[in-house]
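Trainee: Got a minute to go through this one with me? I'd like to talk about the side-chain links.
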Amino acid sequence: MFPGHEPGSLPALFTDATSGVTTYPANRSLLLAAPASDGTVVLDFNRAVNLPCAYTDLATCPLPPAENRLPVAMQAGEKIPRERG
């Protein structure tokens with residue numbers, strides 16, 4: 001369970017053009033709020049976070065599906081942890 005996880009919300013894994021450059025290569029996670037009544041969802045990449053595997057080789061993390069591998073750079077959110085960079 002993710003911190004702040006509310007009913008109807010959904011964690012989404014993604015990579016982008018910053019993955020492996022300024023952000024952790026495997027993935028970052030974004031907690032999406034439940035869809036609004038009109039079906040829209042707001043993506044706030046400022047809230048993108050690293051999963052435990054970004055901090056230690058002893059943790060495993062899932063990989064995002066191909067559809068969540070973004071060809072653009074999302075400069076917002078957590079970067080590569082200092083101890084890993």
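Mentor: Sure, one term to begin with: a disulfide is a pair of cysteine sulfur atoms within 2.5 Å. Keep in mind that this is a predicted model, where local features need pLDDT of at least 70, side-chain atom pairs count only at pLDDT 80 or more, and totals for chains, interfaces and linings use all residues. Residues are numbered from 1 along each chain as its sequence is written, and side-chain values use heavy atoms, with hydrogens and water left out.

Trainee: OK, how many disulfides does the structure hold?
Mentor: One. It joins C53 to C61, with 2.2 Å from S to S.

Trainee: And which hand does the C53 and C61 link have?
Mentor: Left-handed, at -110° about the S-S bond.

Trainee: Is C53 buried or exposed?
Mentor: Buried, with a relative accessible area of 4%. Buried means under 20% relative accessible area, exposed over 50%, partly exposed in between (1.4 Å probe, protein chains only).

Trainee: Switching topic, how many salt bridges are there?
Mentor: Two, counting a side-chain nitrogen of Lys or Arg within 4 Å of a carboxyl oxygen of Asp or Glu. In one of them R28 meets D16 at 2.9 Å, N to O. That pair links distant parts of the chain, 12 residues apart: R28 sits in strand β2 (residues 28-32) and D16 in the loop between β1 (10-14) and β2. Strands here are DSSP runs of E, at least two residues, numbered from the N terminus.

Trainee: Are R28 and D16 buried or exposed?
Mentor: Both are buried.

Trainee: What about D44 and R47?
Mentor: Their side chains meet in a salt bridge at 3.6 Å, N to O. D44 is partly exposed at 30% relative accessible area, while R47 counts as exposed at 62%.

Notes:
Helix = DSSP H or I, 4+ residues; strand = E, 2+ residues; numbered from the N terminus.
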